[in-house]
Amino acid sequence: MATQAEPVGPLTGVRVVELAGIGPGPFAAMLLADLGADVVRVDRPGGAGIGIDPALDITNRNKRSVLLDLKSAGPEPVLEMAERADVLIEGYRPGVAERLGVGPEQCLARNPRLVYGRMTGWGQDGPLADRAGHDIGYVAVTGSLSVIGPADGPPVVPANLLGDFAGGSMYLVTGVLAALHHARAHGRGQVVDAAIVDGTSHLSALLHGMLRAGAWQDRRGVNPLDGSYPFYGVYETADGGHLAVGALEARFYDEFLDRLGLSEARPDASPDDPTTVPPRDDPASWPLLRERIAARVRTRTRDEWARHFADSDACVAPVLSLREAPHHPHLAARGTFVEHAGTVQPAPAPRFSDTPTAVRTAPARPGQHHAEVVRDWGLTALPAAEETSADHPQPRKARP
């Protein structure tokens, strides 16, 4: 794993207040922190957690934390922080921040340049806005879940990567950065309504275009990128591992066959020859093509095939586990993963030539930096630190 230099980060000098939650909000705040922003997470005693030791929650790296019970302390401490901040992020259900006295209207009244980022699953309005939800439901109604999985089985759940983080966090960060640019140019802040259903739907723009053009069918197992093509999918290896094949283009496909020791059958060849395959342009013959490829892939282990294809343009890669990924030669060479405070984790991304980023600090424990933030931000309304996270276990809770 790479050792990274002291960071600068393109967001150095930007102050962010994060009202603690779980899921996409903390991940978005982590990304801003990775980019150099001074992110202060406002944790509440016994508040939102993901059921693990807070010291191991990587989404809280590069942040600082203060401890505050908004219900007993009132809104003034957060409003004072908002007055000194550039960005505030919250992930409550619609109306909760307003009832706590720290909604957009209250915060922008104190700081008209503030960018107020709101992260929800359903958005701030609409029939489901007040309903509870999780990633799987959000990606389900957008149509995105329907395209993942085999034709003869149910849709496959893509962990919470597609909705929470791709459709949620990344769109919140994009909106916050765009609004921050506008605020600095025009002196006016604004509210960013980032809904997972909106972002995830936006991710499917290409597929909707292909659907309209007749190049995509509204069902699984018949489309170019859903695993239905024999030369774009996953195959099991001799040791029970898997090989990912993406040989869509003809020249990559030819190299793929050559490396497998297969060749396209001549018109007069016997169909029983296991070293030949039917033409790839004939979908009717794809079951046999898939069978021949699968039989060849099963003759070696995953790692043997990985070495065999390592120097080729056949677009083949081993399917690695989370523990294995940091040791892949390419990812190791790039420093895609780093080790910090004894934890192997993804390095900040993307990369910057003039303002490099890094993992600067371990995950912030609730309340760990209370006095430090009070001093650095010149706060007067924030009460003295309450009991620390050691006295308040962080239970798993549904996202508000």
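This passage looks at a small set of features in a predicted model: a three-stranded sheet with a helix lying across part of it, and one threonine in another strand.

The sheet is an open one, built from three strands in the order β7-β8-β11, and the pairing is antiparallel. Its edges are taken by β7, spanning 232-236, and β11, spanning 316-318, each of which pairs on one side only. Going from one strand to the next, the twist averages 20°. As a reminder, strands of a sheet pair through backbone hydrogen bonds, either parallel or antiparallel. Here, β8 (residues 242-246) and β11 run in the antiparallel sense and are joined over three bridges. At the level of single residues, A244 has A317 of β11 as its bridge partner.

The sheet also has a helix to go with it. Helix α11, made of residues 286-297, lies across β7 and β8. Relative to β7, α11 runs at about 45°.

Attention now turns to T120, which sits in strand β5 (residues 115-120). Is T120 buried or exposed? Its relative accessibility comes out at 7%, and because buried means under 20%, T120 counts as buried. Its surroundings can be spelled out residue by residue. Leaving aside residues up to four places away in sequence, T120 touches Y92, P94, A194, A195 and I196. There is a polar side to the picture as well: the T120 side chain reaches the backbone nitrogen of G123 at 2.9 Å. Taken together, T120 is a buried residue with a side-chain link to the backbone of G123 and contacts that include Y92 and I196.

Definitions and conventions:
Residues are numbered from 1 along each chain as its sequence is written. This is a predicted model: local features need pLDDT of at least 70, side-chain atom pairs count only at pLDDT 80 or more; totals for chains, interfaces and linings use all residues. Side-chain values use heavy atoms; hydrogens and water are left out. Two strands pair if DSSP finds at least two bridges between them. Helices (H or I, at least four residues) and strands (E, at least two) are DSSP runs, numbered from the N terminus. Axes are lines fitted to C-alpha atoms, for helices over the stretch in contact, and angles run from 0 to 180 degrees between N-to-C directions. Contact means heavy atoms within 4.5 Å. Buried means under 20% relative accessible area, exposed over 50%, partly exposed in between (1.4 Å probe, protein chains only). A polar contact is a pair of N or O atoms within 3.5 Å; within protein, one must be able to donate a hydrogen and the other to accept it, and residues adjacent in sequence count only if both atoms are side-chain atoms.
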